[in-house]
Amino acid sequence: MTMPSQGMLQAMMSAELGDDVFQDDPTVIALERRIAEMTGKEDALFCPTGVMGNQLCIMACVHRALVKGGVAFPEVITDSRAHVYIWECGGIPFNTRASVRPVVPENGAYLTPQDIEKGLQLPTGAVNLQHMASSCLLSMENPLGGSIMPFDTFKENAALAHKKGLLVHLDGARLWNASVKESRPLKEYCDHVDTVSLCMSKGMGTPMGTVIAGTKEDMWNARLFRKRLGGSMRQIGIMAAAALYAIDYNWPLMKEDHANATYLQTELVSRFGFLVPPPETNILWVDTHKHDLTWDDISQQMAPHR
């Protein structure tokens with residue numbers, strides 16, 4: 001578990017505070033402006049969790065499709081392994097009335113335009129429109145399980161969705177990692193999507209929080225939905241200060257995090273004989289079933305080599 005550093009704790013303790021429910025917490029405002037600038041979006045919104053951040057973005061996008069797109073029965077396309085589909089308590093249909101079409105990537109790794117084409121449902125004609133849901137949003141996750149979607153494929157997926165009249169959401173919980181690994185600014189990814197969520201815990205090391213970004217209208221609607229879900233917060237500048245610290249001081253160290261994961265993978269393979277695929281970022285998938293070793297055993301044996 002990542003714990004706040006002394007520097008982060010000091011930033012939290014000295015944060016200037018206000019009331020974010022009334023949009024007057026100066027530290028939250030500074031964070032939201034910073035993320036909007038980094039992503040190239042009009043506005044941003046600080047949320048308590050990644051799940052809420054994703055759900056607010058999807059709610060805003062589906063709302064736009066219902067109000068402006070003339071969609072009667074909305075449907076969201078996503079990877080069958082996506083966090084928004086598996087790990088968010090069925091939030092999409094519960095919060096938006098949209099059905100979900102999970103698509104299995106044919107290559108076993110990431111969605112391609114061919115996969116998305118197969119998942120698209122764009123009914124035409126009075127009869128079909130009365131019976132079938134219409135694809136209105138593509139939700140992508142990058143990286144997914146620590147693996148990065150090739151940038152060209154990412155762009156092609158988004159371009160196809162937009163061409164077909166869909167909006168695009170990016171679950172960028174670990175987009176910080178992809179940006180570092182690929183030496184690519186966040187904006188280059190975000191230019192191709194309508195909304196994005198960026199987790200400030202996980203690899204960034206803050207105690208909590210996710211920032212979402214998009215158009216002013218989408219973020220205003222997301223702010224209203226956040227209130228409805230009980231996610232508006234008062235003197236939350238203490239956590240916004242942690243996020244700002246993470247961007248300035250933790251994010252530049254993320255290459256070391258990736259290098260540590262690679263080192264651990266080589267040790268687990270060479271020293272202990274585990275089957276561990278090389279990591280692309282900082283996530284290792286380790287099959288421990290065929291070994292009698294516990295993680296405490298491994299930690300003790302590796303301690304002299306740290």
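**Salt bridges and helix contacts in a predicted model**

Trainee: Is Asp 152 buried or exposed, or does Asp 152 fall in between?
Mentor: In this predicted model, the relative accessibility of Asp 152 is 49%. Exposed would need over 50% and buried under 20%. Asp 152 therefore counts as partly exposed.

Trainee: With which residue does Asp 152 form a salt bridge?
Mentor: The partner lies in helix α8 (residues 151-163), as Asp 152 does, and the two are three residues apart, about one turn of the helix. The partner is partly exposed, at a relative accessible area of 29%. The closest N and O atoms are 3.8 Å apart, which is within the 4 Å cut-off. The residue is Lys 155.

Trainee: How many residues apart in sequence are the parts tied together by Glu 217 and Lys 68?
Mentor: The side chains of Glu 217 and Lys 68 meet in a salt bridge of 2.7 Å, N to O. Glu 217 belongs to helix α11 (residues 216-228) and Lys 68 to helix α3 (residues 50-68), so the pair links parts whose separation in sequence is 149 residues.

Trainee: Which of the two, Glu 217 or Lys 68, counts as exposed?
Mentor: Glu 217 has a relative accessible area of 42%, so Glu 217 is partly exposed. The other residue reaches 56%, and the limit for exposed is over 50%. The exposed residue is Lys 68.

Trainee: How many salt bridges does a search of the whole structure find?
Mentor: One of them joins Lys 187 to Asp 191, with the closest N and O atoms 3.1 Å apart. Lys 187 is partly exposed at 38%, and Asp 191 is partly exposed at 44%. The search of the whole structure gives a total of 13.

Trainee: How are α9 and α13 oriented, roughly parallel or roughly perpendicular?
Mentor: The axes of α9 (residues 175-182) and α13 (residues 254-270) come within 10 Å and cross at roughly 85°. Angles of 65 to 115 degrees count as roughly perpendicular, so the orientation of α9 to α13 is roughly perpendicular.

Trainee: Which residues of α13 make the contact with α9?
Mentor: By class, the contact has three nonpolar, two polar and two charged residues. From α9 come Trp 176, Asn 177, Val 180 and Lys 181. From α13 come Met 254, Lys 255 and His 258.

Trainee: What is the relative accessible area of Asp 20?
Mentor: Asp 20 sits in the loop between α1 (6-13) and α2 (26-39). Beyond its neighbours within four places in sequence, Asp 20 is in contact with residues including Arg 223, Arg 226 and Arg 234. Asp 20 is buried, with a relative accessible area of 1%.

Conventions:
Residues numbered from 1 in each chain as written. Predicted model: local features only at pLDDT ≥ 70, side-chain atom pairs only at ≥ 80, totals over all residues. Heavy atoms only, no water. Helix = DSSP H or I, 4+ residues; strand = E, 2+ residues; numbered from the N terminus. Buried < 20%, exposed > 50% of the residue type's maximum accessible area, 1.4 Å probe, protein only. Contact = heavy atoms within 4.5 Å. Axes fitted to C-alpha atoms, helices over the stretch in contact; angles between N-to-C directions. Parallel < 35°, antiparallel > 145°, perpendicular 65-115°, else oblique. Nonpolar A, V, L, I, M, F, W, Y, C, P; charged D, E, K, R; others polar.
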